[in-house]
Amino acid sequence: MSSSTAPKIIAAVDLGSNSFHMIVAQIENDQLQVIDRLKEMVRLGAGLTKKKQLTHEASKRALDCLSRFGPVSYTHLRAHETERLISY
């Protein structure tokens, strides 16, 4: 498949207080096809101080999870000749 006709690959991440989810999908013929899903428990809500700030341990769980999501999405995106990766 040439790069001009290759399907577009997108990733979406949902950062919840209990778990983080990531879905990687391709868009082909105006249809989304999920090619990977990841879910990881991070328990951010359980890691709040009395001042409603994240503890060091909760922050570490969140950042560790995101670092694991990053290589997975990059691998899928790169394998499908994706033009760019946008994260927010």
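**View 1. Aspartate 30, an exposed loop residue with a positive phi.** In this predicted model, aspartate 30 counts as exposed because its relative accessibility is 75%, and the cut-off for that label is over 50%. Look for aspartate 30 in the loop between β2 (19-28) and β3 (31-41). Its phi is near 60°, a positive value in a residue other than glycine. As background for this view, most residues other than glycine have a negative phi.

**View 2. The hairpin of β2 and β3.** Here β2 and β3 form a hairpin, with 2 residues between the strands. Asparagine 29 sits in the turn and has a positive phi of about 55°. The two strands run antiparallel, and 10 bridges join β2 to β3. If you would like one pair to follow across the hairpin, take isoleucine 23, whose bridge partner in β3 is arginine 37.

**View 3. Lysine 52, in the loop ahead of the helix α1.** Moving along the chain, we come to lysine 52 in the loop between β3 and α1 (56-79). Lysine 52 is not a glycine, yet its phi is positive, at about 65°. Is lysine 52 buried or exposed? With a relative accessible area of 68%, lysine 52 is exposed.

**View 4. The open sheet of β1, β2 and β3.** Stepping back a little, 3 strands make up an open sheet, ordered β1-β2-β3, with antiparallel pairing. The edge positions belong to β1 (8-15) and β3; each has a single partner strand, so one side of each lacks a neighbour in the sheet. On average, neighbouring strands of this sheet are turned by 15° against each other, direction ignored. Strands of a sheet pair through backbone hydrogen bonds, either parallel or antiparallel.

**View 5. The largest nonpolar core.** This core has 10 residues in all: Ile9, Phe20, Met22, Val24, Val42, Leu44, Ala58, Ala62, Cys65 and Phe69. Two elements, β2 and α1, give two or more residues to this core. Which element provides the largest share of this core? That is α1, with 4 residues. In soluble globular proteins, nonpolar side chains tend to be buried together.

**View 6. Alanine 62 and its contacts.** For a last close-up, we stay in the core and centre on alanine 62, one of its residues. Leaving aside residues up to four places away in sequence, alanine 62 touches Phe20, Val42 and Leu44. Phe20, Val42 and Leu44 are also listed among the residues of the largest nonpolar core.

Methods
Residues numbered from 1 in each chain as written. Predicted model: local features only at pLDDT ≥ 70, side-chain atom pairs only at ≥ 80, totals over all residues. Heavy atoms only, no water. Buried < 20%, exposed > 50% of the residue type's maximum accessible area, 1.4 Å probe, protein only. Pairing = 2+ DSSP bridges. Core = buried A, V, L, I, M, F, W, Y, C linked by side-chain atoms within 4.5 Å. Contact = heavy atoms within 4.5 Å. Axes fitted to C-alpha atoms, helices over the stretch in contact; angles between N-to-C directions.
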